[in-house]
Amino acid sequence: MRYVKYPVEYKEWVTKTLRQFKLRVQINDVELTTNDIVSIRINSDLFSGDTFTIGSTVSDTLDMVVFTPALFKDSNSVMDRTKPVIPYISLYTERFDEKLGKIVVEWQEVNLGLFYINPDGIDNDGDGTTSIRASTVLNHPEYGERIYKENYDEETDPAFNRSITRIIDDICRDKKIHFRLAPGTVLPDITVTDANKGDFIGKTYREVIAKIAMLYGGYARVVVDRQGTGDTDEILEFFRLQDTDYVFGTDDYMSFKRGEHKLTIHKLSCKVKEDSD
């Protein structure tokens, strides 16, 4: 499967006040359309939690409710959790075709990411619907449980001497994904030796990635290869906060609410002190 850049028409029409969308989701070999989906929500954050903690590994989540018969065609259907759930959104666009001499309607489709069903992520709601909860790959057990020790043997390689770039390459090679940094940045020139290999050897992939993201001074996430830069669908990306020159006005949002408080007391602390003559 090859993912491409966002079409120019998509970027133009998605900012319009009135928009039309269509939705479809690929789960294993089953394709669900708008009529099969009760609800869908994707939570996507730049950070893990509410704090700007350097070294966070970010994992998006997908919550979806679908009609059970559409998902399980028969009672013997089994969900393969190793295959990703891929939601797609299509945007209605128009363009003038000079050859045809008329306006042509096109639906520009973009994938919204690759999500893997959580161990307890399938629940039959008992009303003819099924709830599904999935996460991007950094929250997958393969990253949260798999231990970094590939290609390392203390007997044959007693003096551990490996750059953090090499360690990331080890993980990406094992997971068959590519790796990239934010434009204009590089990983620090740090070599892991016997003295500090305990910070990496024996740790889970997610712990190792978080450690290197902290040394990089940024964050880590696995994203869809929409730029067509690699041979696989997912890329381990290290990124930092960047300034943006994007400006939006009243035509770009549905509503705006401002909450203002002159003073909010979150906590009071008291200290008891006894005075004596």
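**Exercise 1. The largest nonpolar core**

Task: State how many residues the largest nonpolar core of this predicted model has, and which of them have the most contacts inside it.

Solution. The largest nonpolar core has 30 residues, and those with the most contacts inside it are Phe-200, Ile-209, Ile-212, Leu-236 and Phe-238. The next step is to ask which elements supply this core: at least two residues each come from β6 (85-97), α4 (164-175), α5 (205-216), β13 (219-224) and β14 (234-239). Of these, α5 gives the largest share, six residues. Apart from this core lies another one, of 17 residues, which includes Leu-23, Met-64, Ala-70 and Ile-132. As a general background, nonpolar side chains in soluble globular proteins tend to be buried together.

**Exercise 2. Helix α5**

Task: Describe the span of α5, list its buried residues, and say what follows the helix.

Solution. Begin with the span: α5 has twelve residues and reaches 16 Å from its first C-alpha to its last, which is close to the 16 Å expected at 1.5 Å a residue. Turning to burial, the buried residues of α5 are Tyr-205, Val-208, Ile-209, Ala-210, Ile-212, Ala-213 and Tyr-216. After the helix comes Gly-217, and the phi of this glycine is positive, near 80°.

**Exercise 3. The surroundings of Phe-238**

Task: Decide whether Phe-238 is buried or exposed, and find which residues it touches and which aromatic residues join it in a cluster.

Solution. Because the relative accessible area of Phe-238 is 0%, and buried means under 20%, Phe-238 is buried. When residues up to four places away in sequence are not counted, Phe-238 touches Ile-168, Phe-179, Arg-180, Leu-181, Ala-182, Ile-209, Ile-212, Ala-213, Tyr-216, Tyr-219 and Ala-220. Two residues of this list, Phe-179 and Tyr-216, form one aromatic cluster with Phe-238. Tyr-216 also has a charged neighbour, since Arg-240 lies over the face of its ring at 4.1 Å from the ring centre.

**Exercise 4. Two aromatic pairs**

Task: The structure holds four aromatic pairs; classify the pair of Tyr-92 and Trp-107 and the pair of Phe-179 and Phe-238, and locate their members.

Solution. For Tyr-92 and Trp-107, the ring centres are 5.6 Å apart and the planes stand at 80°, so the pair is edge-to-face. Tyr-92 lies in strand β6 and Trp-107 in strand β7 (residues 102-111), so the pair ties together parts that are 15 residues apart in sequence. Tyr-92 is buried, with a relative accessible area of 17%, whereas Trp-107, at 33% relative accessibility, counts as partly exposed.

The pair of Phe-179 and Phe-238 is likewise edge-to-face, with 5.4 Å from centre to centre and 85° between the planes. Phe-179 belongs to strand β11 (residues 178-181) and Phe-238 to strand β14, so that this pair links distant parts of the chain, 59 residues apart. Phe-179 counts as partly exposed at 24% relative accessibility.

**Exercise 5. A four-stranded sheet**

Task: Give the strand order of the open sheet of four strands, name its edge strands, and follow the pairing of β4 with β13.

Solution. The order is β4-β13-β14-β11, and the pairing is mixed. The edge strands are β4 (57-58) and β11, each of which pairs on one side only. Strands β4 and β13 run parallel and are joined by two bridges; the bridge partner of Val-58 in β13 is Arg-221. Arg-221 in turn lies over the face of Phe-239, at 3.9 Å from the ring centre.

**Exercise 6. The hairpin of β1 and β2**

Task: Explain how β1 and β2 pair, and say where the side chains of β2 point.

Solution. Strand β1 (residues 21-27) pairs with β2 in the antiparallel sense over four bridges, and Thr-33 in β2 is the bridge partner of Arg-24. Two residues stand between the strands of this hairpin, in which Asn-28 takes a positive phi near 55°. Along β2 (residues 30-33) the side chains alternate: Val-30 and Leu-32 point to one face and are buried, while Glu-31 and Thr-33 point to the other face and are not buried. Such alternation between the two faces of the sheet is what a regular strand shows.

How values were computed:
Residues numbered from 1 in each chain as written. Predicted model: local features only at pLDDT ≥ 70, side-chain atom pairs only at ≥ 80, totals over all residues. Heavy atoms only, no water. Core = buried A, V, L, I, M, F, W, Y, C linked by side-chain atoms within 4.5 Å. Buried < 20%, exposed > 50% of the residue type's maximum accessible area, 1.4 Å probe, protein only. Contact = heavy atoms within 4.5 Å. Phe/Tyr/Trp six-rings, centres within 6.5 Å; stacked < 30°, edge-to-face > 60°. Lys NZ or Arg CZ within 6 Å of the ring centre and 35° of its normal. Expected span 1.5 Å × (residues − 1). Pairing = 2+ DSSP bridges.
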